[in-house]
Every structure is written in C-alpha cells, then in structure tokens.
Amino acid sequence: MNRCLALLLALGATLTTGCCTHCCTKNGDKNMNIKQEPFGTTKNGKPATIYTLRNANGVEAKITNYGGIVVSLTVPDRDGNFADVVLGYNTLDGYIKKTPYFGALVGRYGNRIANAKFTLDGQVFNLATNNGPNALHGGIVGFDKVLWTARPLQTANGPSLELCYVSKDGEEGYPGTLTVKAVYTLTTDNGLRLDYTATTDKATVLNLTQHSYFNLAGQGNGDILNHEVVLNANAFTPVDGTLITTGEICPVKGTPFDFIKPHAIGERVNQQGDEQLKFGGGYDHNWVLNKGFEKQLSLAATVTEPKSGRVLEVWTTEPGLQFYCGNFLDGTITGKSGKVYKHRYGFCMEPQHYPDSPNKPLFPSVVLRPGDTYTHTMIYKFAVK
Ligand code: GLA
C-alpha cells in the first residue's frame, strides 16, 4: 500500500439537517392505488405484508415490511420487454431461512465494524458478532430481519411506502433508542427512491444502506460480468484480509478499481497479483465518491447491461458506495422461479458511509446525537441505451 496516500480528511461531514417528526400510523390512505397482500408469517408468528408499487410506465416494485426488503423490481429493456432485475425469493420463508441480505434495508450499521466494538464519548460499546470477530450489517438480528410498521402513501412523485421501526436502546449492542423512517417511492421517471431519516435519544452511530442484488439481464439470467460500470470515484478505502478498512484512502488510478471510464465487471475482477482483489474475492470495497462530504444528491454509479440495454444509475447523498459483485454467491441458493444464483450472478451498489468509520477517526463521522436528524437519500434509477 505504499502507493497510497493516507489523506487527512476533514472531520464532521454533516449528518444533520432540518427537523422531522417521526411518526407512523398503522393505516394508510384507503383511496390509494397500492396493492397489499399477505406475505407469510415471521418466526414469532407475526404477519408480514407485501406492497406493490406501480408507476404509469408499468415499472413495478414489490416491497415487504419484513426487513424493508425489495422483493422484485420489474423494468423494461430497450425493446420494452420487462424483467425482474433483483435477486430474491418468492416467499417470506426463503428470506427467513437463508439470505445474503437480498434486497434488504441494512442497519444500524451497513458493512463491518472491526472486532464488533467501538468507543463513543469515552464509553466502549460491544456489539453482536456475526462475521468472524466483526459486526456485519447491524448484527444477528439487524434491520433486515425485523418487521417494520408500514403505511402506503400516494405522493406527487409517485406511489410510496413508508416504513418505521423503533430500535431499542442496546439492540445488537448499539446505544440509544433509534427511531427510523424509510420511505420508498417509485418515481414517475422510473427511479426507486429511498429517503431514510432517524433520530436518537442517546449518542449513537448509524449507517443505513440498501442491499439489492441487481442483474440487469434479469434475475437468474447468468452472471453480471458483462455489465459495464462507471463509478464517480477517484479513490477507495482498501481493506485487510478480514475485509476491515485499513483507514487509508487510496487513489484508484492505475488499478483495477478505476471505473472513472466504463469497464465491464469481468474485465479485471480476476486480475492476478492485486492484493485488494484477492482480499475481497473480487470487488467488495467502498469507493470514496468525488462528491465529497456534502449532502447533495449526486450520481455515484452508472451500470449498463449491453444486451438488454438496461441502465441503472445510482444516486446518493452519502460519501461512499460499496460495490460488491456477488463473490459469496456460490450456487447454493435457489431463488425466484427456481433460478439458481451462482457465483457473481448479482451485484450490489450500497450507498453508505465508509466501513468501520466508528473506529476510523479520519473517516467522516457517523455519530448521531439527540436533537439531530440523520438523513440519507438514494435513488436506483432505470433507463435504456
Ligand atoms: C456486503 C459485504 C460483503 C458481504 C455481503 C453479504 O456487501 O461487503 O462482504 O458480506 O454484504 O454477503
């Protein structure tokens, strides 16, 4: 890593804006045109629901209030043929039994926290471990495995689903009672927009993201190696052999991590001799977005599938993006319509703060304090080429 620059980052990326009340009502507007159907029962015998949001272009998103999971997302190709472009299951049972976070709302902390512990205001907090010695994606029962209170809404932007969850003080080891709201909107211009907000009653750390696995050729239709990726990032955060960020920020120039110009995922993913690709088993890293730490919504990534012409744009207000190319998929999961998900059959684009930020003082802050409101907006926007 001697080619790397350990960049000194200004602390204190602003996570707080405005004010917002967090309330959830159990019943939505009855006049609205959002279909809701039963989606099985949880381990505790509680009923889950699946909501279908559809826009005027025929684009459709199915979302369940179990884990905030995006169960399907059906979008057209350049000839107007629709396909479901996210991996997952037809039934709740599938998600309960075995899932590598298919479609999930990830929290409280997306990605890894080293040794499942961090210090905040002089106090050490021990988290649940669920990835070797580390905490991954919120712990053993993260936000992807709880039932959210749902309220369908018709908005000027399109049909929406509001999900709310109150995470208890100490849940999975995290301090503070955290009240989280996630609003999913299927926009008139074919975007799935997510607006996250959260408040706390004690200082805590927070890094919410979304974990859909995309395959723009249609879920289950082969690997994603021909997908062409552009990432608006001149740098990334390298990891050690346990996938924990080293704390460095390294330029991508001259490495297989340079996606400033379009490259197929498969072009360099198996390049021999690259230590970072070896550690990740391929791409499984956080890119440092050129937008910096400003909260403005900016284009982070563009992914094109040449055969279908489907294009995915990823927009975010966050400073980082985890690009994971399904290295842990190994053919042991049979998903929707009996399709087997083999190695690299899906990729994730997870807008986020940098992994292990609670232990990396030079990374932008992920601390949320009482009286402040966490905000995070991301859009997965679909087009054709
Ligand atoms: C993330 C991580 C990966 C892996 C997947 C889930 O994207 O970065 O290392 O844990 O989630 O399988």
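This text walks through a sheet, a set of aromatic contacts and a ligand site. The model is predicted.

Start with the sheet. Five strands make up an open sheet in the order 1-2-3-4-5, and their pairing is antiparallel. Strand 1 (35-41) and strand 5 (82-84) are the edge strands, each pairing on one side only. From one strand to the next, the twist averages 20°. In general, strands of a sheet pair through backbone hydrogen bonds, either parallel or antiparallel. Inside this sheet, strand 3 (residues 60-64) runs antiparallel to strand 4 (residues 70-76), with 4 bridges between them. One residue pair can be picked out here: Glu60 has Thr74 in strand 4 as its bridge partner.

Now turn to the aromatic rings. The model holds 25 aromatic pairs. Take Tyr213 and Tyr324. Their ring centres are 6.0 Å apart and their planes meet at 80°; an angle over 60 counts as edge-to-face, so this pair is edge-to-face. Tyr213 sits in the loop between strand 16 (209-211) and strand 17 (228-231), while Tyr324 belongs to strand 24 (residues 320-324). The pair therefore ties together parts that are 111 residues apart in sequence. Are these two rings buried or exposed? Tyr213 has 1% relative accessibility, so it counts as buried. Tyr324, at a relative accessible area of 5%, is buried as well.

A second pair starts from that loop. Phe214 and Tyr380 have ring centres 5.1 Å apart and planes at 50°, which makes the pair tilted. Phe214 lies in the loop between strand 16 and strand 17, and Tyr380 lies in strand 29 (residues 374-384), so this contact ties together parts 166 residues apart in sequence. Phe214 and Tyr380 are both buried.

Step back to the wider network. Which residues do ring pairs link into a cluster with Tyr213? They are Tyr89, Tyr95, Phe102, Tyr324, Phe328 and Tyr341. A ring also takes part in another kind of contact: Arg268 lies over the face of Phe259, 4.8 Å from the ring centre.

Last comes the ligand. There are 14 residues around the ligand, and those that come nearest are Arg112, His137, His211, Asp284 and Glu350. Individual side chains can be followed to oxygen atoms of the ligand. Arg112 places a polar side-chain atom 2.9 Å from one ligand oxygen atom. For Glu350, an N or O atom of the side chain is 2.7 Å from an oxygen atom of the ligand. Gln322 also has a side-chain N or O atom 3.3 Å from a ligand oxygen atom.

Conventions:
Residues numbered from 1 in each chain as written. Predicted model: local features only at pLDDT ≥ 70, side-chain atom pairs only at ≥ 80, totals over all residues. Heavy atoms only, no water. Phe/Tyr/Trp six-rings, centres within 6.5 Å; stacked < 30°, edge-to-face > 60°. Helix = DSSP H or I, 4+ residues; strand = E, 2+ residues; numbered from the N terminus. Buried < 20%, exposed > 50% of the residue type's maximum accessible area, 1.4 Å probe, protein only. Lys NZ or Arg CZ within 6 Å of the ring centre and 35° of its normal. Pairing = 2+ DSSP bridges. Axes fitted to C-alpha atoms, helices over the stretch in contact; angles between N-to-C directions. Near = heavy atom within 4 Å. Polar contact = N/O pair within 3.5 Å; in protein donor to acceptor, adjacent residues only side chain to side chain.
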